[in-house]
Amino acid sequence: MHASLITPSTVPRHIAIIMDGNGRWARERGWPRLKGHEQGSLSVRRVADACMSAGVEYLTLYAFSTENWRRPAHEVSGLMLLLERFLSEKVADMIENGVRLATIGRTEALPAPVKKRLDRAMADTAHNNRLILTLALNYGGRDEIVEAARGIARGVQAGTLKPESINQELFASHLDTRGMPDPDLLIRTSGEMRISNFLLWQLSYTEIHVTQKLWPDFGADDLKAAIADYASRERRYGASMENAASITIPS
Ligand code: IPE
Ligand code: IPE
Ligand code: MG
């Protein structure tokens, strides 16, 4: 890929979002936190539609982190029920709109009914390719990296892999995101300036857009504003302003 893309006049190919602020949205109204999560789940459809209109190919949403198990049990089970409902209500729309559902994270540790619905939804949408909608569920960047290291170590132990052949490309092929391009744009809602264990490897050169908007209030116009912000950036990948246009970007 050539660095004429360094000043991206086009839309990002891959957008990742840390969907934050559901609890604050509910608190502002004196409502229980789950109300905020419920409202937040409605934003997903709006944003997925806006991504498709803009020509974004990959949308990756941080829905439940490996640390979110620390929340009160009723909030965790409420989130799982919401996810189940989201899947049962939205798969038909996904099929109609050409959306392929994927996941990253340790979904095998999710409650069995959620896991079952997820597997079915992924199978039912497997042939779509207009938008790859990836839900990060029981996902943690460190956990993903450790798991990749474990897989590589197994290969070395079995004699199928030489330590000298471990490089960035091979490492990336052991991550949950294998086959996907790295995110071009990371959006975090509700103003927090942190990564919170999201896509630690993949975000190396991602442009970051933080908005004060809470996730339940985030809509198509906010997505457009984030894309416009992205388009105004100059991506240099470590090169200088003078020679950035002639470097080759690792894909
Ligand atoms: C994000 O909203 C949703 C999840 C982490 C599941 P929060 O629930 O973190 O909302 P705040 O940060 O408390 O406002
Ligand atoms: C990050 O939000 C996780 C998700 C959006 C799923 P959190 O609300 O859990 O992150 P912290 O605790 O503020 O870092
Ligand atoms: Mg939060």
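What follows is a walk through this predicted model, from its confidence to its cores, its ligands and a few individual residues. Local features are described only where pLDDT is at least 70, side-chain atom pairs count only at pLDDT 80 or more, and totals for chains, interfaces and linings use all residues. Residues are numbered from 1 along each chain as its sequence is written, chains are lettered from A and ligands numbered from 1 in the order in which they are written, and side-chain values use heavy atoms, with hydrogens and water left out.

Let's begin with confidence. pLDDT is the predictor's confidence in each residue, from 0 to 100. The protein chain has a mean pLDDT of 94, and 95% of its residues reach 70 or more. The stretch to treat separately is residues 1-7, where pLDDT stays under 50 and the model has 20 contacts (heavy atoms within 4.5 Å) beyond four places in sequence.

Now to the inside of the protein. A nonpolar core here is a set of buried Ala, Val, Leu, Ile, Met, Phe, Trp, Tyr and Cys residues joined through side-chain atoms within 4.5 Å. Buried means under 20% relative accessible area, exposed over 50%, and partly exposed in between, using a 1.4 Å probe and protein chains only. The largest such core has 39 residues, and Ile15, Ile17, Leu59 and Leu223 have the most contacts inside it. Helix α3, residues 73-97, supplies the largest share of this core, with eight residues. Helices (H or I, at least four residues) and strands (E, at least two) are DSSP runs numbered from the N terminus. Another core, of 10 residues, lies apart from the largest one and includes Ile18, Tyr62, Leu186 and Leu199.

Leu223 is a good place to look around. Beyond its neighbours within four places in sequence, Leu223 is in contact with Ile15, Val47, Ala50, Cys51, Ile187 and Phe218. One of these partners, Ala50, lies in helix α2 and is buried, with a relative accessible area of 12%. Ala50 also touches Ala220; these two alanines are 170 residues apart in sequence, yet their C-alpha atoms are 5.4 Å apart in space. Ser43 is found in helix α2 too, which spans residues 33-54. Because its relative accessibility is 0%, Ser43 counts as buried. The side chain of Ser43 makes a polar contact with the side chain of Arg46 at 3.0 Å. A polar contact is a pair of N or O atoms within 3.5 Å; within protein, one must be able to donate a hydrogen and the other to accept it, and residues adjacent in sequence count only if both atoms are side-chain atoms. Not counting residues up to four places away in sequence, Ser43 touches Trp215, Pro216 and Phe218.

Next come the ligands, where a residue is taken as near if one of its heavy atoms lies within 4 Å. Around ligand 1 are Met19, Asp20, Gly21, Asn22, Gly23, Arg24, Arg33, His37, Ala63, Asn68, Arg71 and Leu79. Oxygen atoms of ligand 1 come into play in several places: one is 2.9 Å from a polar backbone atom of Gly23, one is 2.7 Å from an N or O atom in the side chain of Arg24, and one lies 2.8 Å from a polar side-chain atom of Arg33. Taken alone, ligand 1 exposes 380 Å², of which the protein buries 86%; accessible areas come from the Shrake-Rupley method with a 1.4 Å probe, and for residues only the protein chains shown count as cover.

Ligand 2 has around it Ile18, Met19, Asp20, Tyr62, Ala63, Phe64, Asn68, Arg71, Arg188, Arg194 and Ser196. A polar side-chain atom of Asn68 lies 3.0 Å from an oxygen atom of ligand 2, while side-chain N or O atoms of Arg188 and Arg194 are 3.4 Å and 2.8 Å from an oxygen atom of this ligand. The protein covers 78% of the 390 Å² of accessible area that ligand 2 has on its own.

Finally, look at two backbone angles. Most residues other than glycine have a negative phi. Asn197 has a positive phi, near 65°, and sits in the loop between β5 (185-188) and β6 (207-210). With 15% relative accessibility, Asn197 counts as buried, and its side chain makes a polar contact with that of Glu67 at 3.3 Å. Asn138, in strand β4 (residues 131-139), also has a positive phi, near 50°, and is buried at 7% relative accessible area.
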